[in-house]
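Hi,

Here is the structure I promised to send over. Have a look first, and my notes follow below.

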Amino acid sequence: MEEPGTIYFTGTAGAGKTSLVQAFQGWLDTQSIDVVTVNLDPGSEAGSFEPDVDIRDWVRLPQVMQEYGLGPNGAQVAAADMIALKIFEVKQSLDGYRAQYILVDTPGQFELFAFRESSKAIVDALSGDRSLIAFLFDPALARKASGFVSLRMLSATVEFRFRLPMLNLLTKSDVLTPGQLEEILSWGDNPMTLYEAVGQELPTPDVQLSTELFRAMETMAPQTALVPTSATEQKGLNVLYEAVERIFSGGADEETTEPIDDSE
Ligand SMILES: Nc1nc2c(ncn2[C@@H]2O[C@H](COP(=O)(O)OP(=O)(O)OP(=O)(O)O)[C@@H](O)[C@H]2O)c(=O)[nH]1
Ligand SMILES: [Mg+2]
C-alpha cells in the first residue's frame, strides 16, 4: 500500500485548525478514503472532536502545570518538548491504523509548532515522503491587506523552518461576503493588487518597507494562491483535496484558487 499522505494543519490561534481537521476527515470519509486524525495539542479542551490518536494520552497540559508548578504558557513550552519524547509512541499508535491520509492538528499556540526545535523532530518522526503543511489564513486577519501580508510572512517562516511543501488555505470563508472573498483571493494571486491595498490601508505607508515586502511577496507568489474553505458549511473540501493530491503527486506549483464549489 502507498505511504499515507500526512497533512499538518497550522495557523494562528483560533484560525480553525481543529474544525478543518474534523470537516476534512468527514469529507474524506464520504469519499471512502481511509483517514486517521492526530491531535498534537496537549492543551486542547475536550470537545466534540475525538481524534484517533491523541497526544493527551501521554502529555496533558493541566498535569504539566501542576507537576512542575508552571503557568499555562510555561507549561505549553515544557509540554512541547515532552511531546517530542513521546513521539515514537504516537507513531506506533498511528501504525496500528490503515490510512491513506493522516490529518495532524497542531497546538493553538502557533509559535510552539513554528519555532521550537522539538517540532521539527516531531514532524521528522511522524512523516514520510508524502507530507505537507497546510497553513491557515484566518479571515479575521486576512481581511485586511496588512494582516494578509503578516500571515503570508508567517507562512513563509513555517516553510523556511520545515522545508516541506506548503498549502495556504483561507478558513471560515462563510463569514466573508463574495466581494471580500474575491479581494482576498486576488491578493494571493496577484501581489500588485495586494501592494495597492496595503498602500490604501496605511495612510502614511513606509514606502521602503512596503516595497521590500512587495518584492518578497512577488518572489513567493507561485505558492501564495489560497484555497478557500469553510468547515461550518463544508465547502472547498474537494478543492482542498485536489490541491493536496497535486502536491503529493509532485505538482506543488500548480495550486489553484478555484471558487468554492457548492456542489458537494
Ligand atoms: N463561521 C465559521 N467559524 C468557524 C469555522 N471554522 C472554525 N470556526 C470557529 O472558529 C473558532 C475557532 O475554531 P477552532 O477550530 O477551534 O480553531 P483552532 O485553530 O483549532 O483553535 P486553537 O486550537 O484554539 O488555536 C470556533 O469558534 C469555531 O466555531 C468556519 O468554517 N466558519
Ligand atoms: Mg484547535
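Let's start with the ligand: 16 residues surround ligand 1, and Lys17, Thr18, Ser19, Gly108 and Thr232 come nearest (near means a C-beta atom, placed from the backbone, within 6 Å). That shell splits into 4 nonpolar, 8 polar and 4 charged residues (Ala, Val, Leu, Ile, Met, Phe, Trp, Tyr, Cys and Pro count as nonpolar, Asp, Glu, Lys and Arg as charged, the others, Gly among them, as polar).

A word on conventions: this is a predicted model, where local features need pLDDT of at least 70 and side-chain atom pairs count only at pLDDT 80 or more, while totals for chains, interfaces and linings use all residues. Residues are numbered from 1 along each chain as its sequence is written, with chains lettered from A and ligands numbered from 1 in the order in which they are written.

Now the core. The largest nonpolar core has 70 residues, and Ile7, Phe9, Leu103, Ala134, Leu167 and Leu169 touch the most other members. Such a core is a set of buried Ala, Val, Leu, Ile, Met, Phe, Trp, Tyr and Cys residues joined through C-beta atoms within 7 Å; buried means 20 or more other C-beta atoms within 10 Å, exposed 12 or fewer, partly exposed in between.

Finally, Glu196 is found in helix 9 (helices are DSSP runs of H or I, at least four residues, numbered from the N terminus). Glu196 has 14 C-beta neighbours inside 10 Å, so it counts as partly exposed. From Glu196 to Phe214 is 9.9 Å, C-alpha to C-alpha, though they are 18 residues apart in sequence.

Cheers

Conventions
Helix = DSSP H or I, 4+ residues; strand = E, 2+ residues; numbered from the N terminus.
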